Amino acid sequence: MAAAKDIISTLPDEILCHILSFLQTKQSVATSILSKRWNPLWLSVTTLYFQTEIADKESTLLFNDFVYSFLVSRNATLPIETFHLQISYDSPLECPNSIAKWVKFVLQNGVKYFYFCISLGNGLPIFPARIFSCKTLVFLKLMDFYMEEGYSSVQLPSLKTLHLDTIAFSKLQHFMVFLSSCPILESLLTRYVWFNSEESSTCNEWKSFCLANLITADIDFTECYFPLKVVHNVRSLTFGIHEVFYNDLIPTFHNLTQLKLLCKDCITWQFLLEVLNHCPKLQKLDLDQGKVDDETWIRNFDKENWVDPYVVPQCFSLHLRTCNLLQFHGQPGEVILARYILKNAKVLQNMTIWNSSKSELHCLAIKRMLSAYPWASSMCKLIVSPNKSSEDKEEVAGLSVARVDPLLRLLDFVNLLDQ
């Protein structure tokens, strides 16, 4: 039998290097032993992907040597298109100074996509903001460190996508200066970004700052104040909200068509409607109300007395077509809100309720109750389903006490609505 022909090795260098770009760099280098054809290819790969777990100082030295050797050996005439550096330290070790040098070197070599994550066993490593200044970057993702000094020298004129996850700034002002260095930013995602909350609520000089080109934002600032004016031009917004920090400080989102609100227990329905009053063109609303203790089924906003507002949000009358209520527990306040939306959303086409009880019987009770009242839209389709994230497959006959009790309370609540 004739030997199989090595077709892959006949491909042009550009294609083979593109294939290697999907591998971690250490795997890319390992292909050099396959044959003479493959031996030099790793030197021309423009995607560098370093990921490792470090347990002691010896492994730190070995990894440092590998990264340094690779950077000085690769073809210097080719740019570094993508750089991915992810290091996890298993025990409390100091972050080596060499990492900052690698970052600086890469950012000076035309990199466009940059991912940087350093996980220490004893807190967040500290890096100066100025080392991230780069005129060619279009995508930047930073995780797990404290950013300090040099904010005013940061320049990111080409950056379009910014992801910040577990990043600490000493002040809101520093975070704002960092954002202002991204004049054409189109997408912003933040998770666990911290700064001094007391200082942030009094930082008036940034309350009018706006990222003019921003299209999408996914932000979570439930522990401190963040000026929403920064993102008020977006078309799509996912927002973890805390009423304490945003009451009377909501700008009008003139371009917003898609909104997902991640609400905390302290949110009142009046405040929620106030947010919607500032979204005149909203077409899609996702409301995620979070998890509730199954035994108590108590939420702060269920203690308030509902009064239909005098003014219906403009988006309800003209634009809202899709509404998804996530983590729906069937409590009175939630049912009243769903009923209010159905009563006033004149062009609504779909309302989907993801019921946290995971019971088909509970879902049927909610749907029958909401269907018993007039809807503003004759086109609307109502779907009530068990929470799509649930893993339970319980049958109606096997409902636990914790599930039966809220179901009975929900059915009793029908009489309250009729009054």
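Start by selecting R339 and Y373: R339 lies over the face of the Y373 ring, 4.1 Å from the ring centre. Keep in mind as you click around that this is a predicted model.

**Stop one: the aromatic rings**

Now show the aromatic side chains. Across the whole structure, a search turns up 19 aromatic pairs. Pick F50 and F70 to begin with. Their ring centres are 5.8 Å apart and their planes meet at 80°, so this pair is edge-to-face. Where do F50 and F70 sit in the chain? F50 belongs to strand β1 (residues 47-54) and F70 to helix α3 (residues 57-73), so you are looking at a link between distant parts of the chain, 20 residues apart. Switch on a surface and check these two: both F50 and F70 are buried.

Stay with helix α3 and select F63, then add W102. The rings of F63 and W102 have centres 5.9 Å apart and planes at 75°, so they too are edge-to-face. Again distant parts of the chain are linked, with F63 in helix α3 and W102 in helix α4 (residues 98-107), 39 residues apart. Are F63 and W102 buried or exposed? F63 is buried, at a relative accessible area of 9%, and W102 is buried as well, at 5%.

To get the wider picture, select W42, F50, F63, F66, F70, F83, W102, F114, F116, F127, F132 and F145 together: ring pairs link them into a cluster. Hold on to F145, as it comes back at the next stop.

**Stop two: strands β5, β6 and β7**

Colour strand β6 (residues 161-169). Eight of its nine residues are buried, so the rest of the structure largely encloses this strand. Next, add β5 beside it: β5 and β6 pair in the parallel sense over eight bridges. Which residue of β6 does F145 face? Opposite F145 stands I167 in β6.

Then add strand β7 (residues 187-194), which pairs with β6 in the parallel sense over seven bridges. For a pair to click on, try L164, whose bridge partner in β7 is T190. Bring in helix α5 (residues 172-180) too, and you can follow a right-handed β-α-β unit made of β6, α5 and β7.

**Stop three: two positive phi angles**

Go back to strand β5 (residues 139-148) and select D144. What is unusual for a residue that is not a glycine here? D144 has a positive phi, of about 65°. D144 also counts as buried, at 15% relative accessibility.

Now jump to strand β12 (residues 322-328), where you will find Q327. Q327 is not a glycine either, and its phi is positive, at about 55°. With a relative accessibility of 14%, Q327 counts as buried.

**Last stop: helix α1**

Finish at helix α1 (residues 13-20), and select its buried residues, which are L16, C17 and L20. Turn the view until you look down the axis of α1. From there the buried residues fall within an arc of 100°, so they line one face of the helix. What covers them? Show α2 (25-30), which is included in the cover over the buried residues of α1.

How values were computed: Residues numbered from 1 in each chain as written. Predicted model: local features only at pLDDT ≥ 70, side-chain atom pairs only at ≥ 80, totals over all residues. Heavy atoms only, no water. Phe/Tyr/Trp six-rings, centres within 6.5 Å; stacked < 30°, edge-to-face > 60°. Helix = DSSP H or I, 4+ residues; strand = E, 2+ residues; numbered from the N terminus. Buried < 20%, exposed > 50% of the residue type's maximum accessible area, 1.4 Å probe, protein only. Lys NZ or Arg CZ within 6 Å of the ring centre and 35° of its normal. Arc of directions from axis to C-beta. Contact = heavy atoms within 4.5 Å. Pairing = 2+ DSSP bridges. Right-handed = clockwise from strand over helix to strand, strands pointing away.
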